[in-house]
Amino acid sequence: MGDVFNILTGLLIIIGAAFTLIAAIGILRLPDLYTRMHAASKAGTLGSGLMLIALAIFAQDQAIVTRALAAVVFFLLTAPISAHLLAKAAYAAGYRLWGESVHDEMATPQSAGSLPGEDRRSEEE
């Protein structure tokens, strides 16, 4: 049974390292702040989580297993929220999308000067 755990641990570490490598390449290669942040938050979180799960499988101590699994939960809860808030703050600070981006959902509409949903709210009142 120990060999199965060692093989599973090795596979999880290799897969986690591959996702972390993809995140690093994404940070270097992607064109703007928002796509780089997406690569770092998604692939980096998955890579870190897989490696922490490998640690939890490999560890013999209950305290290490608990801490590793708590760290996975912490990553899954905080990484998407922090990436969203950082992207929102960057947009508010003036960092614009890549020139070839297809759609900017945070830009104000050109026609009426109102936000999406305001027309529906005024019709309901």
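User: Hi! What counts as a helix here?
Analyst: Helices are DSSP runs of H or I with at least four residues, numbered from the N terminus. This is a predicted model, where local features need pLDDT of at least 70, side-chain atom pairs count only at pLDDT 80 or more, and totals for chains, interfaces and linings use all residues. Residues are numbered from 1 along each chain as its sequence is written, and side-chain values use heavy atoms, leaving out hydrogens and water.

User: Cool, so which helix holds Val4?
Analyst: Val4 sits in helix H1, residues 2–29.

User: And how do H2 and H3 pack?
Analyst: Helix H2 (residues 33–58) packs against helix H3 (residues 62–93) at an angle of about 175 degrees, with axes 9 Å apart. Axes are lines fitted to C-alpha atoms over the stretch in contact, and angles run from 0 to 180 degrees between N-to-C directions.

User: Roughly parallel or antiparallel, then?
Analyst: Roughly antiparallel, H2 to H3, because angles over 145 degrees count that way.

User: Switching topic: where does UniProt put the "transmembrane region"?
Analyst: The unreviewed UniProt entry places that feature at residues 6–28, 40–58 and 64–87; such annotations may be inferred rather than shown by experiment. In the model, residues 40–58 are 100% helix, with end C-alpha atoms 26 Å apart.

How values were computed
Helices (H or I, at least four residues) and strands (E, at least two) are DSSP runs, numbered from the N terminus. Angles under 35 degrees count as roughly parallel, over 145 as roughly antiparallel, 65 to 115 as roughly perpendicular and the rest as oblique.
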